[in-house]
Amino acid sequence: LVLFWLLYIVCNMLAVEYVQWVSGGHNQHVYKPGKAPKQNDVEEEMKNSKLVEKANEKMGDTLEMRRGTFLWRDIRYTVPVRPTYGGGGGETNGGSGADA
């Protein structure tokens with residue numbers, strides 16, 4: 001029994017040292033025939049980048065950041081999740097804080 005255990009340990013040590021358990025590190029996407037997403041062309045990329053650029057320019061007009069302090073005290077909130085073993089759902093009771 002001890003000899004079997006030693007042989008097992010030696011085989012595991014050799015396997016850990018010399019066997020490569022993972023292959024590459026790349027992903028391969030497999031799609032149904034006719035369902036593969038189309039490749040973006042240069043014109044579409046330019047159109048999308050201009051659209052994002054315009055949205056970023058307008059963001060400064062629509063978002064107004066005011067200086068001040070945001071305070072909260074005695075917050076009671078229950079997160080709607082299934083109860084875990086022996087405990088209730090995710091609950092926050094009596095939380096307080098500030099953000100300046």
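Among contacts in the chain between residues at least 6 apart in sequence, what percentage join residues at least 24 apart? The share is 34%, a value that, like the others in this report, comes from a predicted model.

**The chain as a whole**

Two helices and two strands are found in the chain, and from the N terminus on they follow the order α-α-β-β. Of the 100 residues in the chain, 1% are buried, while the accessible surface amounts to about 10600 Å², with 58% of that area belonging to carbon and sulfur atoms. As for confidence, the mean pLDDT of the chain is 76, and 64% of the residues reach 70 or more. Among the elements, the highest mean pLDDT belongs to H1 and the lowest to strand E2, as set out here.

| Element | Mean pLDDT |
|---|---|
| H1 | 93 (highest among the elements) |
| Strand E2 (residues 90-99) | 66 (lowest among the elements) |

**Helix H1 and its nonpolar patch**

Helix H1 covers residues 2-18, and Leu 6 has its place there. The end C-alpha atoms of H1 are 24 Å apart, which agrees with the 24 Å that its 17 residues should span at 1.5 Å a residue. Why can H1 be said to lie largely in the open? The reason is that the number of buried residues among its 17 is one. Leu 6 itself has a relative accessible area of 43% and is therefore partly exposed, since that class lies between the 20% limit for buried residues and the 50% limit for exposed ones. Together with Val 2 and Trp 5, Leu 6 makes a nonpolar surface patch of about 340 Å².

**Strand E1 and a pair distant in sequence**

Strand E1 takes in residues 70-79, and Arg 73 is placed within that strand. Is Arg 73 buried or exposed? Its relative accessibility is 73%, so Arg 73 counts as exposed, the cut-off for that class being over 50%. Arg 73 and Ala 98 are separated by 25 residues in sequence, and their C-alpha atoms lie 8.7 Å apart in space.

Terms used
Residues are numbered from 1 along each chain as its sequence is written. This is a predicted model: local features need pLDDT of at least 70, side-chain atom pairs count only at pLDDT 80 or more; totals for chains, interfaces and linings use all residues. Side-chain values use heavy atoms; hydrogens and water are left out. Patches are made of residues with over 30% relative accessible area and no salt bridge: like charges are joined within 9 Å, nonpolar side chains (Val, Leu, Ile, Met, Phe, Trp, Tyr) within 5 Å. Accessible areas come from the Shrake-Rupley method with a 1.4 Å probe; for residues, only the protein chains shown count as cover. A salt bridge is a side-chain nitrogen of Lys or Arg within 4 Å of a carboxyl oxygen of Asp or Glu. Helices (H or I, at least four residues) and strands (E, at least two) are DSSP runs, numbered from the N terminus. Buried means under 20% relative accessible area, exposed over 50%, partly exposed in between (1.4 Å probe, protein chains only). pLDDT is the predictor's confidence in each residue, from 0 to 100. Contact means heavy atoms within 4.5 Å. The expected span of a helix is 1.5 Å times one less than its number of residues.
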